[in-house]
Amino acid sequence: MNPPDLPPQHCRWHPHAEAPSLFADAADSVFHLAKKFIARGGAFRVVLAGGNTPRSLYEKLRVIETDWSAWHIYYGDERCLPPGDPERNSFMADQAWLNHVAIPRPQIHPIPAERGAIDAARDYAALLREVDVFDLVLLGLGEDGHTASLFPGHDWGVGPEAPAALAVRDAPKPPSERVSLSAWRLSRARHVMFLVTGEAKRRALAAWRDGKPIPARAITPPDGVDIWFENRAAPP
Ligand code: 6PG
């Protein structure tokens, strides 16, 4: 499948000498965004990234001073595995953060990926109808430029006619069956923060900066995206 014509994407690049300072600054940024949105509207709606990279951020968020009762948690993607499987993104987030803070469980919305990609995508899209714009979307970046579970050569769901959540089959990163929010739904956000660490991401970052149509390039919120990256992940 050819990459679709993409809306313009405004990028703000935030280099960091090393990962610990990146995660400390990212946690501080999330703390201030939460404070702003809770003061303004009494709620903070956040979409979580999966994979390994955000784990250090989640661990740091355990200790921030905030009104946890105002937080609402969603997921950008999930792997079609049983709920307690350690490879699930929701399992990682629970272990690193959510099991340690007082966010009311009814306000934590894992993707029901155990139902299979098609049913889970349908059901999660229905749940997202009650949410307008996310306050913050957290995303990672794969070595091939994928983000959430939007992979090169797959449908990214760029246009508003696309479903809010996509069933993903034959994903190149195991497990092959996944659910992902579509690019347009991830773009309905006030803030989007990409977290990128490790040398393995250098080529993907270089392709992105060169304007190549990688999946991460399809995330186009009105106010642009912030890419927090570790220098050693940066192109030379
Ligand atoms: C997943 C993720 C995926 C991840 C990237 C980066 O479920 O695998 O949502 O998009 O963010 O693959 O993964 P790492 O952070 O582990 O490098």
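Glu114 and Arg88 form a salt bridge in this predicted model, with their closest N and O atoms 2.7 Å apart. Glu114 sits in the loop between α3 (89-96) and α4 (117-128), while Arg88 belongs to the loop between β4 (77-79) and α3, so the pair ties together parts that are 26 residues apart in sequence. The two partners sit in unlike surroundings: Glu114 is partly exposed, at 41% relative accessible area, whereas Arg88 is buried, at 2%.

## Other salt bridges

Searching the whole structure turns up twelve salt bridges. Another one joins the side chains of Glu87 and Arg79, with 3.6 Å from N to O. Here Glu87 is partly exposed, with a relative accessibility of 48%, and Arg79 is buried, at 7%.

In the bridge between Asp123 and Arg122, the side chains come to 2.8 Å, N to O. Asp123 has a relative accessibility of 25% and counts as partly exposed; Arg122 is partly exposed too, at 48%. These two residues also belong to a network of salt bridges that links Arg115, Asp119, Arg122 and Asp123.

## Around the ligand

Which residues are closest to the ligand? Of the 15 residues that surround it, the closest are Thr53, His146, Ala148, Lys173 and Lys201. If you are setting up an interaction list, here are some side-chain polar contacts to oxygen atoms of the ligand.

| Residue | Distance from a polar side-chain atom to a ligand oxygen atom |
|---|---|
| Asp77 | 2.7 Å |
| His146 | 2.6 Å |
| Arg178 | 3.0 Å |

Ala148, one of the closest residues to the ligand, also has a backbone feature to look at. Its phi is near 45°, a positive value in a residue other than glycine. Ala148 lies in the loop between β5 (134-139) and β6, and it is buried, with a relative accessible area of 13%.

## Backbone features in the β6 to β7 loop

The loop between β6 (165-168) and β7 (178-181) holds Pro175. The peptide bond leading from Pro174 to Pro175 is cis, its omega near 0°. Asp170 is found in the loop between β6 and β7 as well. Its phi is near 40°, again positive in a residue other than glycine. Is Asp170 buried or exposed? At 57% relative accessibility, Asp170 counts as exposed.

## The nonpolar core

Now for the interior. The largest nonpolar core contains 82 residues, and Tyr58, Trp71 and Trp97 are those with the most contacts inside it. Helix α1 (residues 19-41) is the element that gives the most to this core, contributing eleven residues.

Trp71 makes a good place to start looking around. Leaving aside residues up to four places away in sequence, Trp71 touches Val30, Ala34, Ile38, Phe44, Val46, Ile64, Thr66, Trp97, Ile103 and Gln107. Trp97, itself among the residues with the most contacts in the core, is thus one of the residues in contact with Trp71.

## Helix α6

Why do the buried residues of α6 lie on the same side of the helix? In this helix (residues 202-209), the buried residues are Ala204, Leu205, Ala207 and Trp208. They cover an arc of only 160° around the axis, which puts them on the same side of α6. The elements that cover these buried residues include β1 (11-16), β8 (189-196) and β9 (225-230). Just after α6, Gly211 takes a positive phi of about 80°.

## Glu230 in strand β9

Strand β9 also contains Glu230. Although its side chain is acidic, Glu230 counts as buried, at 5% relative accessibility. What do polar atoms of its side chain meet? One such atom lies 3.4 Å from the backbone nitrogen of Ala19, and a polar side-chain atom of Glu230 is 2.8 Å from the backbone nitrogen of Gly198. Not counting residues up to four places away in sequence, Glu230 touches His16, Ala17, Glu18, Ala19, Leu22, Val196, Thr197 and Gly198. Ala19 and Gly198 are therefore on the contact list as well as being partners in these polar contacts.

Technical notes
Residues numbered from 1 in each chain as written. Predicted model: local features only at pLDDT ≥ 70, side-chain atom pairs only at ≥ 80, totals over all residues. Heavy atoms only, no water. Salt bridge = Lys/Arg side-chain N within 4 Å of Asp/Glu carboxyl O. Buried < 20%, exposed > 50% of the residue type's maximum accessible area, 1.4 Å probe, protein only. Helix = DSSP H or I, 4+ residues; strand = E, 2+ residues; numbered from the N terminus. Core = buried A, V, L, I, M, F, W, Y, C linked by side-chain atoms within 4.5 Å. Contact = heavy atoms within 4.5 Å. Arc of directions from axis to C-beta. Near = heavy atom within 4 Å. Polar contact = N/O pair within 3.5 Å; in protein donor to acceptor, adjacent residues only side chain to side chain.
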